[in-house]
Amino acid sequence: MAKLIYSAIASLDGYVEDAGGAFEWAAPDEQVHMFVNDLERYVGTYLYGRRMYETMRYWETEGASPGGSPVARDYAGIWRAAEKIVYSRTLESVSTAQTRLEREFDADAVRRLKEASPSDLTIGGAELAGQAIAAGLVDEIQLLLNPILVGGGKPALPQDVRVSLELVDERRFAGGVVFLRYAVVG
């Protein structure tokens with residue numbers, strides 16, 4: 001059975017965006033971006049909330065431009081090769097290849113997807129990930145913590161869920177970013 005992985009880039013105080021909705025402080029440098037590419041190289045399906053999808057669809061065209069860095073082009077290829085499922089009640093349609101729109105998050109359907117998938121899945125968007133964590137669907141949580149305090153905004157992790165975790169990997173990057181990988185226990 002495939003794993004469902006929640007991966008997020010967050011501030012040290014635990015936010016994926018600040019109180020104004022900005023997240024430019026989370027842009028990875030080349031070293032971190034290469035690491036993320038390697039983490040996601042074998043992902044078969046991305047599950048996204050609407051806002052995360054709207055951010056990530058950049059990689060459909062712009063990220064693939066020949067003038068971009070080799071690391072960005074590599075990621076664009078990884079992203080375009082994967083299936084994408086977007087959960088949104090408000091989005092009218094999707095504009096990227098290999099993408100389907102679902103109106104409701106259905107935990108049982110995600111469970112079946114995990115059982116049938118030959119490769120791991122990731123879930124992006126803090127609110128959607130919170131639903132999946134609460135439903136007991138997430139097998140791993142991967143956080144890239146940035147050396148910045150933003151003081152408030154959208155939390156990376158749900159605040160009303162208790163889950164036991166085991167640290168299985170960690171890495172420190174030259175720019176101060178720290179990667180933490182946890183397996184969900186139980």
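Visitor: Which helix gives the largest share of the lining of the largest pocket?
Guide: This is a predicted model, with local features needing pLDDT of at least 70 and side-chain atom pairs 80 or more, while totals for chains, interfaces and linings use all residues. Numbering runs from 1 along each chain, and side-chain values use heavy atoms, without hydrogens and water. Helices (DSSP H or I runs of at least four residues; strands are E, at least two) are counted from the N terminus. Strand 2 (15-18) and helix 3 (70-81) are among the elements supplying at least two lining residues, but the largest share, 5 residues, comes from helix 2.

Visitor: Okay, which residue of helix 2 does Glu17 pair with in a salt bridge?
Guide: Look for a Lys or Arg side-chain nitrogen within 4 Å of an Asp or Glu carboxyl oxygen. Here the closest N and O atoms sit 3.2 Å apart. Glu17 is in strand 2, so this bridge ties together parts 34 residues apart in sequence; its partner is Arg51.

Visitor: In that pair, is Glu17 buried or exposed?
Guide: Buried means under 20% relative accessible area, exposed over 50%, partly exposed in between (1.4 Å probe, protein chains only). Arg51 comes out partly exposed at 39%. Glu17 has just 11%, so Glu17 counts as buried.

Visitor: And which residue does Lys114 bridge to?
Guide: Lys114 is in helix 4 (residues 107-116), and its partner lies 25 residues away, in the loop between helix 5 and strand 7 (140-146). Lys114 is buried at 5%, whereas the partner is partly exposed at 26%. With closest N and O atoms 2.9 Å apart, that partner is Asp139.

Visitor: How many salt bridges are there by this rule?
Guide: Asp38 with Arg41 is one, at 3.0 Å. Lys3, Glu140 and Arg181 are linked in a network of them. The count comes to 11.
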